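Hi,

Here is the structure I promised to pass on. Have a look at it first, and my notes on what I found follow right below.

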Amino acid sequence: MSASRWALDESAQAEVTDLLIGLIQRESPDPPGNEAQVARFLARWLRDHGFDVETDEFAPNRINVLARMVGGAKPALIFSAHTDTMPVGSNEGSGAWNHDPFGANVVDGKLYGRGAADMKSGLAAMVAAALKLKASGRALGGDLILAFSAGESSSCLGAKRMIERGDLKGAGALLVSEPSSLNLLIAETGAVWLDITATGTPGHASAGGGENAILKLLDFLDAVRDNPFAEQTHPLLGAASLAINTIGGGSAVNLTPDTAHAALDIRTVPGMTTDGVLAALRALSGPEIVIAVRDDKPPVVADADDPFIATCQTAVRNVRGVAKASGGVTYFSDSCVLAPALGVPRAIIGPGELGISGQRDEWVALDALYDAAAIFGEIASVYLSN
C-alpha cells in the first residue's frame, strides 16, 4: 500500500469503496445510453459531501456531472472520467457472469461488476482524492474541476457538450482515469468509423437475375481485411489497425440483394488523416462501394517532457514505489475531444487493469483503487500548489 501523505486511511477507503459499489449497482450501459440513474446518484453523493455540483442533461437520460473546487488564478486541473459502461452481454450459457454484473461483490480484494475497471473505479478514486484535498483545508493555486461525462462510448457526446458549453474554460492540464494498470499513458490512438455500402440490382433467385450487392461488399472487405494501414506505426502505439465489426444485407432469401453494408473501425496513429484513410480505401474499391465517415477522433500524444507529465510520473513513483516509462494505448478516451479543444497536456492513469474492459466478470483491485486516489491527490496538490 501507499506510504504517500495522500494515502487514504481506513475510513476513507471504506467510503470510496461504498461509493464505487453504489456506482456499479446503478446500470449505465451504452448502448443504449442511459446514465441518468448513476449521474443522479453521483451528483447527490457529491452534494452531500459539500461539493457545488451542476448537472447537464444534454439528451434524454444523458447527464454530465460537473463540480469545481475554486482556487486561485493558476490554470485549472481537470479530473475526467465517464459514467457509461459497456453492455453486460447475454449473461447466459458460456457468456454468463460468475459474479452479478451489478452486485459489486468483493472477493479476495477484488470488486466485481460492469464498469469496475472501465471506469467507475477511476471516477471514484478521483472523487476520493478531491474529498481528501478538500478536507485538508489546503488553499489551491487554481481550480480543480471534476468533469464526469455521459456518452463516452457514443463518440464522446458528453465531452463534446462540455466543450460547447465552455464548462472547462481556464484549464491548464487534463488527467483521465481510464484503465491503465496505474501506469502513466501519454499516447492514445485515434478512431475513424466508416459506414460501407455496396449497391447492386435486385432479381429473383430462381432466374439468376440481378447483381449481388453482398458479393460486391465481400470483395471489398477481402481487399481490406489484411489492413492496408499496417505500415503506419508509432513508437508508443504500434501499428494502425482495421477491424470489420458489423455486416448485413439482403431482404429475402429468394431475392438477389441490391444493398449490403458493413462498418469499419480504424485505429489511427499520428501522421494519418481521415482524408488519407478514405483515399486509401477508395483506391481498393469500385464505383459500387460508397464509403461514409460516421465519426473520427484524432490520436492524442502528450509531450513526454511536459512538466505536467513529469508531475504525474513522480506521483506514480511516490505512491507505487516504481514508475514505468510513459506508454500508449489503443483505445480512445474523452481526451481525444478535450485535449485538442483546450490545448492542454493530458495524462491517463487509472486503477483498472488494461485489457479487461468489456469482459465478463470485470473487476478492479481495491488496493489499486486506493493507490489511484493517492496518486490523483499528489498530482492535484503539486499542480495546484501555491
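Start with helix H1 (residues 10-25) and helix H3 (residues 116-135): their axes come within 9 Å and cross at roughly 140 degrees. Helices here are DSSP runs of H or I with at least four residues, strands are runs of E with at least two, and both are numbered from the N terminus. Axes are lines fitted to C-alpha atoms, for helices over the stretch in contact, and angles run from 0 to 180 degrees between N-to-C directions. That angle makes H1 oblique to H3 (under 35 degrees counts as roughly parallel, over 145 as roughly antiparallel, 65 to 115 as roughly perpendicular, and the rest as oblique). The crossing of H1 and H3 is right-handed, a label used if the near helix is turned clockwise from the far one by less than a right angle, with anticlockwise being left-handed.

On the H1 side, the contact (heavy atoms within 4.5 Å) is made by Glu15, Val16, Leu19, Leu20, Leu23 and Ile24. H3 contributes residues including Lys120, Leu123, Val127 and Leu131. By class, this contact of H1 with H3 has 12 nonpolar, 1 polar and 2 charged residues (Ala, Val, Leu, Ile, Met, Phe, Trp, Tyr, Cys and Pro count as nonpolar, Asp, Glu, Lys and Arg as charged, and the others, Gly among them, as polar).

Before you go further: this is a predicted model, where local features need pLDDT of at least 70 and side-chain atom pairs count only at pLDDT 80 or more, while totals for chains, interfaces and linings use all residues. Residues are numbered from 1 along each chain as its sequence is written, and side-chain values use heavy atoms, leaving out hydrogens and water.

There is a second helix pair to look at. Helix H7 (residues 307-320) and H9 pack at an angle of about 140 degrees, with axes 9 Å apart, and are therefore oblique to each other. The crossing of H7 and H9 is right-handed. Among the residues that meet are Phe308, Val316 and Arg320 in H7 and Asp371, Ile375 and Tyr383 in H9. That contact of H7 with H9 divides into 11 nonpolar, 2 polar and 3 charged residues.

Now the sheets. One open sheet has 3 strands in the order E4-E5-E18, with antiparallel pairing (two strands pair if DSSP finds at least two bridges between them). Its edge strands are E4 (106-107) and E18 (363-365), each pairing on one side only. E4 and strand E5 (residues 110-112) are joined by 2 bridges, and Val107 stands opposite Lys110. H1 packs on this sheet, touching E5 and E18, with its direction at about 20 degrees to that of E5. Helix H9 (residues 366-383) packs there too, touching E4, E5 and E18.

Another open sheet has 4 strands in the order E12-E13-E9-E14, again with antiparallel pairing. E12 (241-249) and E14 (289-297) stand at the edges with a single partner strand each, so one side of each is left without a neighbour in the sheet. Neighbouring strands are turned by 20 degrees against each other on average, direction ignored.

Lastly, strand E3 (residues 74-82) has 7 of its 9 residues buried (under 20% relative accessible area with a 1.4 Å probe, protein chains only; over 50% is exposed and in between is partly exposed). E3 pairs in the parallel sense with strand E6 (residues 142-149) over 7 bridges, and 5 bridges join E3 to strand E7 (residues 171-176), also parallel.

Cheers
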